[in-house]
Amino acid sequence: MNEPEKNEGVTFSFDSSAEDFYEAACAVDRKNRSETRRNLESAALVIVFFMYLPPQSLLHWAMLALCVAIGLLLWKYPDYTNRKFAERKAAASPRFEMTVTDEKLEFHDGQSRETIRFEEGGAVYHYRGVLAVNWDKNRLVAIPLSRLDEETAGKLTALLKSGLGERYETVSDKRNAGGLFFRKKS
């Protein structure tokens, strides 16, 4: 009786950067469809904006200014928070050491040691050359594939795909890859 051979793990280390964490945060935003939600909120804001046109009183001018301010916040604040998160995360954890097997991912970031068991949850999103490892509610680690050698990157993605199954996804970079007004062409 031959048991199926288990993939051996892969151990590697890398220096983190704010750009990698920013791309990882953007990948999670794309998976959570925050852009679609933002589009719907913007549509509602545009309707309110046009309700006060043409401005006839000081209240109308105030409402128009408020709509513009909320619109700017709606479109600029998520990017600002992603960038600040990335800067804090990269500054707090400049070096990562990881071990990935087909059952779990372990990493040490200089401050803490975490173990993510694949059967307990978590997901990995491949986006713009970065693997965004997302678990619990808002826990996120970025693995830059460009800074790993080809053999390590290949083993890593194979282990993650086998361990996570459908929870390993490649996130599209296209603006109209789906959503409210654009549909994927099959």
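The following legends describe several views of a predicted model.

**Figure 1. Overall arrangement of the protein chain in the predicted model.** The protein chain contains 4 helices and 8 strands. Along the sequence these elements follow the pattern β-α-α-α-β-β-β-β-β-β-α-β. Of its 186 residues, 35% count as buried. The accessible surface of the protein chain amounts to about 12100 Å², and carbon and sulfur atoms account for 54% of that surface. Among contacts between residues at least 6 apart in sequence, 63% join residues at least 24 apart.

**Figure 2. Close-up of Ala 24 in helix 1.** Helix 1 comprises residues 18–31, and Ala 24 lies within this range. Ala 24 has a relative accessibility of 1% and therefore counts as buried, the cut-off for that class being under 20%. When residues up to four places away in sequence are not counted, Ala 24 touches Val 130, Ala 132, Leu 140 and Ala 142. Pro 144 is 120 residues from Ala 24 along the chain, yet the C-alpha atoms of the two residues are separated by 9.4 Å.

**Figure 3. Course of helix 3, residues 58–92.** Helix 3 has 35 residues, so at 1.5 Å a residue a span of 51 Å is expected. The C-alpha atoms at its ends are 48 Å apart, which agrees with that expectation. A bend of about 35 degrees occurs in helix 3 at Lys 76. Within four residues after Lys 76 comes a proline, Pro 78.

**Figure 4. Buried residues of helix 3 and their packing.** The residues of helix 3 that count as buried are His 60, Leu 64, Cys 67, Gly 71, Leu 74, Asn 82, Ala 86 and Ala 90. These buried residues pack against two other helices, namely helix 1 and helix 2, the latter formed by residues 34–51.

**Figure 5. Close-up of Asn 82 in helix 3.** Asn 82 has a relative accessible area of 10% and is therefore buried, since the class requires a value under 20%. Leaving aside neighbours within four places in sequence, Asn 82 is in contact with Tyr 22, Ala 25, Cys 26 and Asp 29. Helix 1, which spans residues 18–31, is one of the helices against which the buried residues of helix 3 pack.

Terms used:
Residues numbered from 1 in each chain as written. Predicted model: local features only at pLDDT ≥ 70, side-chain atom pairs only at ≥ 80, totals over all residues. Heavy atoms only, no water. Buried < 20%, exposed > 50% of the residue type's maximum accessible area, 1.4 Å probe, protein only. Contact = heavy atoms within 4.5 Å. Expected span 1.5 Å × (residues − 1). Bend = angle between axes of the 7 residues up to and from the residue. Areas by Shrake-Rupley, 256 points an atom, 1.4 Å probe, with all protein chains shown as cover.
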